[in-house]
Amino acid sequence: MSEQDILARIRELVDKEHALRARTESGDLDPATEQAQLDALEKTLDQCWDLLRQRRARTDAGLPADEVPVSPASQVEGYLQ
């Protein structure tokens, strides 16, 4: 997966997030369903951002970026901000 692929996936997830919020605002989706779907989207987004950061760090260090695995959501969600 290239950096461009990761960025495209991030854009896709952000678009889905906006669509969910719009559906809730228009009354097409109940808030509880929206929240459950948003939680899943946000975890996937966090994984994508983490992967992108790790790949960029490896590139900056002169290491191959394509060897970075996707971190589990449980790990990414446990990072301190």
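Visitor: Which side chain meets that of E12 in a salt bridge of 2.8 Å, N to O?
Guide: This is a predicted model, where local features need pLDDT of at least 70, side-chain atom pairs count only at pLDDT 80 or more, and totals for chains, interfaces and linings use all residues. Residues are numbered from 1 along each chain as its sequence is written, and side-chain values use heavy atoms, leaving out hydrogens and water. A salt bridge here means a side-chain nitrogen of Lys or Arg within 4 Å of a carboxyl oxygen of Asp or Glu. E12 and its partner both lie in helix α1, three residues apart, about one turn of the helix, and that partner is R9.

Visitor: Which residues make up the salt-bridge network that includes E12?
Guide: E12 meets R9 in a salt bridge. The linked network is R9, E12 and K16.

Visitor: How far does α1 reach from its first C-alpha to its last?
Guide: Helices are DSSP runs (H or I, at least four residues; strands are E, at least two), numbered from the N terminus. Helix α1 covers residues 3–25, 23 residues in total. The expected span is 1.5 Å times one less than the number of residues. The reach of α1 is close to that expectation, at 33 Å.

Visitor: Is E17 buried or exposed?
Guide: E17 forms a salt bridge with R21, their closest N and O atoms being 3.2 Å apart. Buried means under 20% relative accessible area, exposed over 50%, and partly exposed in between (1.4 Å probe, protein chains only). R21, at 34%, counts as partly exposed. With a relative accessible area of 14%, E17 is buried.

Visitor: Which residue of α2 pairs with E3?
Guide: The closest N and O atoms of this salt bridge are 2.8 Å apart. E3 lies in α1 and its partner in α2, so the pair ties together parts that are 53 residues apart in sequence. The partner of E3 is R56.

Visitor: Which helix supplies the largest share of the largest nonpolar core?
Guide: A nonpolar core is a set of buried Ala, Val, Leu, Ile, Met, Phe, Trp, Tyr and Cys residues joined through side-chain atoms within 4.5 Å. The largest one has 13 residues, and I10 and L52 are among those touching the most other members. Helices α1 and α2 each supply at least two residues of this core. The largest share, six residues, comes from α2.

Visitor: Which residues does I10 contact, leaving aside neighbours within four places in sequence?
Guide: Contact means heavy atoms within 4.5 Å. I10 is one of the buried residues of α1, and what covers those residues includes α2. The contacts of I10 are L45, C48, W49 and L52.
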